[in-house]
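Please open the model in your viewer and keep the selection panel at hand. The tour below moves from a single contact outwards to the whole chain.

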Amino acid sequence: MLQSGLDSPTTEGTGRSHKLAVIGGDGIGPEVTDAALTILDAAQDRFGFTTERTEVPLGADAYLETGDLLTPEAIEVLRSNDTILFGAIGSPRVTPGILERGIILALRAELRQAINLRPVRLYPGVPTPIAGLTPERCDLVVVRENSEGSYVGGGSTVHRGTPGAVATQGSTNTWYAVHRAVDFAFRLAEQRRGKVTLCHKTNVLVEAGALWLDVVEEVAARFPDVEHDYVHVDAMCMHLPVSPERFDVVVTDNLFGDIITDLGAVLQGGLGVAASGNLNIDGSAPSMFEPVHGSAPDIAGKGWANPAGAGLSLALCLASLGEGEAAAAVESATAEVLADLPELSGATMGASTAELGERIASAVTDGHGGVQSSLMTQLAAVQAGLAS
Ligand code: NAD
Ligand code: IPM
Ligand code: MN
């Protein structure tokens, strides 16, 4: 059972135990997160570990009630956990940017979650809107720089609301953060098919672009077995649906990574299917795992949200906790249940969000699903390399 972050947590069981903070958030966030927790229950029972779960109530309701976004108390609670499961935040009741910047981006920054890892994998039998696409051709990972670029927030507006209005919004790119992301991408590629693609817009954003190119060349020199190439972000939006097989690890700026991974989600079957991990790679704070989608106010409360993205994010979370077998089982079970659905979202999905959570949980219990889970093992290897 969940308890409020304001209460002191209790320990369930003994043996292998992980402290898990849960932020359901807004809209469909709590719905898909509840489904992920049902899946987690099954994984725990089968693989013999426990979790001590603490709910952290962040989002529109808390903000509208108290004016609070991310309080020092909430940060303290989150820091005291091993990992974080996150649903989604954002609401039509709040001006865009307040919750997104004040909670999601603040969390990623506060907890030094340097990398946003976003796999783009089409699982066998899952319908994709891209004609002719096969699972063999679609298995790549986007390493999105998660702390800066145009997400830093600098900018100003004068004469707002008049024809003389001027808005500026900058982009900050440090060697440190770019290097951290590129180094991670090469380490990951070393465990995979050995290829890194830089995705940027060096033909227009010449300052930031040159920094990214320089860093890639510098890091590439340390990884002679990893090849690298470059694709402009606009061309990426053509290549990704047409020939995803040309990519293994794509490393990119924060904003470009945000955009191309919604497109990547479509390749996988839709926004409801895509998973992500905000990784803290220096061990200073917990990582945070969340589906790529947002709070989807258009379908909230209807039971129409696909919990697969949340389930696959749980798999990444389990892998990062060292529960590799459980991670593989959750990924495999989620993929199997997805493949049986008539549609991947909405009223015609064939089951509600909660029912799908139960179905995936049963598949975890029964040990169904035959998907080979290579990313989970690769992540563990990268993590071990970074720690040494
Ligand atoms: P969205 O991802 O919430 O929804 C886009 C479309 O995809 C909608 O039609 C929605 O119904 C559908 N969709 C999303 N998740 C789905 C799922 N699991 N199953 C089936 N269909 C799904 O994006 P949006 O509408 O642009 O944003 C809504 C709110 O969420 C905004 O406030 C935005 O800022 C916020 N947001 C938050 C996050 C996050 O928490 N990480 C991510 C993206 C957007
Ligand atoms: C995502 C979201 C967030 C982002 C927003 C809501 C801050 O779109 O996680 O993809 O841009 O990173
Ligand atoms: Mn996004």
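**Starting at ligand 2**

In this predicted model, select Arg108 together with ligand 2: an N or O atom in the Arg108 side chain is 2.7 Å from an oxygen atom of ligand 2, where a polar contact is a pair of N or O atoms within 3.5 Å. Add Asp258, which places a polar side-chain atom 2.8 Å from an oxygen atom of the ligand, and then Arg118, whose polar side-chain atom lies 3.0 Å from an oxygen atom of ligand 2. Taken alone, ligand 2 exposes 320 Å², of which the protein buries 79% (accessible areas by the Shrake-Rupley method with a 1.4 Å probe).

Next, widen the selection to the residues around ligand 2, that is, those with a heavy atom within 4 Å of it; among them are Glu100, Ile104, Leu105, Arg144, Tyr151 and Val292. This shell divides into 4 nonpolar, no polar and 5 charged residues, with Tyr counted as nonpolar and Asp, Glu, Lys and Arg as charged. Now colour helix H4, residues 98-110, which gives the most to the shell, with 4 residues.

Finally, zoom out to the protein, whose secondary structure comes to 12 helices and 12 strands (DSSP runs of at least four residues for helices and at least two for strands). Its C-alpha trace spans about 55 × 50 × 45 Å along the principal axes.

Residues are numbered from 1 along each chain as its sequence is written, while chains are lettered from A and ligands numbered from 1 in the order written. Local features need pLDDT of at least 70 and side-chain atom pairs 80 or more, whereas totals for chains, interfaces and linings use all residues, and side-chain values use heavy atoms, leaving out hydrogens and water.

Key:
Polar contact = N/O pair within 3.5 Å; in protein donor to acceptor, adjacent residues only side chain to side chain.
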